[in-house]
Amino acid sequence: MTAEITTEKARIGAPSIAGFTEEGEGLVSAKVDHSHNHGVTVMSSRAERLTSFDVADFALPTGREEEWRFTPVRGLANLFSDAGTDEAAAALTVEAPEGYVRSALAQGAAPRGTVLTPADRAAVVASANTDEALHVVIPADAEPAEPVRILVDGAGAGRRSNAHFVLEAGANSRSVVIVEHTGAADHNGNLEVIVGDGAHLTVISVQLWEDDARHLGQHDAQVGKDAVYKHIAVSLGGSVVRLNSNVRFSGEGAEAELLGLYFADAGQHLEHRSFVDHNVANCKSNVLYKGALQGKNAHTVWVGDVLIQKQALGTDSYEKNQNLVLTDGCRADSVPNLEIETGLIEGAGHASSTGRFDDEHLFYLMARGIPEDVARRLVVRGFLNEIIQQIKVPALEERLTAEVERELVANEN
Amino acid sequence: MSTLEIKDLHVSIDTEQGTKEILKGVSLTIRTGETHAIMGPNGSGKSTLASTIAGHPRYNVTGGTITLDGEDVLAMSVDERARAGVFLAMQYPVEVPGVTMTNFLRTAKTAIDGEAPKLRTWTKDVKDAMQQLRIDADFAQRNVNEGFSGGEKKRVEILQLELFKPKFAVLDETDSGLDVDALKVVSEGVNRAHATGNMGTLLITHYTRILRYIKPDFVHVFVNGQVVEEGGPELADRLEEEGYDRYAGAAGTATAAAAVQA
Ligand SMILES: Nc1ncnc2c1ncn2[C@@H]1O[C@H](COP(=O)(O)OP(=O)(O)OP(=O)(O)O)[C@@H](O)[C@H]1O
Ligand SMILES: [Mg+2]
């Protein structure tokens, strides 16, 4: 029997699992300060990563760059090119209460560009090629009864779509925003989120793309004093999906939760990167990404960066990635990076584990009368439910549960 | 009344060195209401017999039959056997990621009964059974066997035995690794299940200690893939004193490890 999913802390350096590569372990242990009480020398700090609005600053990725080394960049030329959106490559629909949608933001028109500066080639071409950014504002103190929905529906595989959305949650508002991706396209999507003081905002980015869609995205948020921000990435469809969910703070007492759920089947590449920049004291962050893999060449990547800056006293942060491998031939890369520049923190932990649902698990469940297909469903549903139940929009929870089961059934055949 | 009948069972496994025959003609008949103890040295094939009854894919049946009231058990899939009333309490229960005990127990009960249990009585049944087996209530929310201690895993096996109400229970060294109190608690669980009068038990053990709590009707001595002697409870006491040495000749290569087992 191979390793099981565990909930223990940091398993970095643990023996790797047969049939698995866990790249980046050496790198990780070089950066992690296991004692968590004094500074570490960091070789290439996340803080030094290039960000720019100028396309010329980002060369075409070759796959050798640290941030692209897991991604199948060779097939992504169309997404890296400095090209405009082809006409009606994707239909955009916004469902929001009256007055929430403001007039579009041109390049350089604040608040556009105040939180999100492109951090890679895909984000910079999306930014440069979006002249009119969707601007949605949840007014201060508002508590809309229904989630705001932003629907991106791709018109066809290979059609180039660029997007930049700016989302503001006014002070003390309480809201949920769902960004939903369906259909197919080559979609570069930026999301810039400003969470006002005391606001509670949940952003759910759902990737229900068709099989031949490709999607690269950068989602950056800045979270105000005492505000609570939750970002949930749910990636089920698409041939290549790569989402960066980044967060930093603009006031103390803020909380950020970056969650993710993915299910990769044969040939799919689903990559999630998260970056929590603890740039302000007394903030909390929690990162949890869970993924299932099934089928030949299913590939998932999670890279979780947490930077606790010198001034971020009293920080409490934790990050975890768990993968569940259902068949042979899959690959799950999981790389937590924790950089800590002050010892005066509440806590900083990380964990990563990749477990296999194997014949022994199956035998145990079947020996209790549970048919094979039910057993598989039970395990996957149970595993992913920890994220699904965080969505707290019942209709969406149900829909995603059904989608996950569809993935399972599709793979059984 | 039901009968589980094992006739001249031959089982082999595929190893890197080739096929290895482990069971070399085992015959046993168990009726509901009866308790059969199987004792034998390490590696003699006891777990192989247990796993073969449950249908573990690693074991290849090369000869013989297993029937439950005449039905061919060997033709059934693993889950069908469980639904037909065969239960295996495993020597090493498996940790299952991502599935809570609550969810697992309910799903299994539903599968075995062919319908979902009534929620209110079921919740109470589970709670009561856990209490009787001194299993902490918070285990319900933990993943199946995940991080459970050896003794806790064994209790949870017996919890399932009590909740699923099988016709035949195969207990593979359920007593190993239990402290004195746990042994008593677990034995009481088995006896409660037995007291319904609708269960037959095949109890694999190395120790006579458990046989003080669970009284066997028959004791079978298992050596080198065969039953070499059968008798009543008194046979167990003799084994404890004399070990398996005297069967060494009878069954070829059997090891005399009984005295040193941990
Ligand atoms: N996968 C395997 N590969 C090689 N040999 C195996 C395998 N599984 C079982 N065996 C061998 O089969 C024989 C019987 O094993 P089994 O587990 O049935 O013994 P047992 O009587 O239950 O022993 P114990 O008292 O130690 O539990 C042993 O010699 C064991 O080494
Ligand atoms: Mg054994």
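Here is a quick briefing on the salt bridges in this structure, with some background on chain A. Keep in mind that this is a predicted model. Across all chains, the tally is 32 salt bridges. Three of the pairs are walked through below, along with a network in chain A.

**Chain A at a glance**

- Chain A has six helices and 16 strands.
- Of its 413 residues, 60% are buried.
- Taking the chain A contacts with a separation of 6 or more, 87% are between residues 24 or more positions apart.
- The exposed area of chain A is about 15000 Å², and 48% of that comes from carbon and sulfur atoms.

**A strand-to-strand pair in chain A**

- A:Arg149 and A:Glu95 make a salt bridge, with 3.1 Å between the closest N and O atoms.
- A:Arg149 sits in strand β4 (residues 148–169) and A:Glu95 in strand β1 (residues 90–95), so this pair ties together parts of chain A that are 54 residues apart in sequence.
- A:Arg149 is partly exposed, because its relative accessibility is 25% and the buried class stops at under 20%.
- A:Glu95 is partly exposed too, at 37% relative accessibility.
- This pair doesn't stand alone: A:Glu95, A:Arg149, A:Glu180 and A:Arg399 are linked in a network of salt bridges.

**A helix-to-helix pair in chain A**

- A:Glu405 and A:Arg381 meet through their side chains in a salt bridge, at 2.7 Å from N to O.
- Here the partners come from two helices: A:Glu405 is in α6 (residues 394–412) and A:Arg381 is in α5 (residues 372–388), so the salt bridge ties together parts of chain A that lie 24 residues apart in sequence.
- A:Glu405 has a relative accessible area of 18%, so it counts as buried.
- Its partner A:Arg381, at 38% relative accessibility, is partly exposed.

**A pair within one helix of chain B**

- Over in chain B, B:Lys109 forms a salt bridge with B:Asp113, and their closest N and O atoms are 3.4 Å apart.
- Both residues belong to helix α3 (residues 101–113) of chain B; they are four residues apart, so about one helical turn separates them.
- B:Lys109 is buried, with just 9% relative accessibility.
- B:Asp113, on the other hand, is partly exposed at a relative accessible area of 39%.

**The general idea**

- Side chains that carry opposite charges can pair when their charged atoms come close.

Conventions. Residues numbered from 1 in each chain as written. Chains lettered and ligands numbered in written order. Predicted model: local features only at pLDDT ≥ 70, side-chain atom pairs only at ≥ 80, totals over all residues. Heavy atoms only, no water. Salt bridge = Lys/Arg side-chain N within 4 Å of Asp/Glu carboxyl O. Buried < 20%, exposed > 50% of the residue type's maximum accessible area, 1.4 Å probe, protein only. Contact = heavy atoms within 4.5 Å. Areas by Shrake-Rupley, 256 points an atom, 1.4 Å probe, with all protein chains shown as cover.
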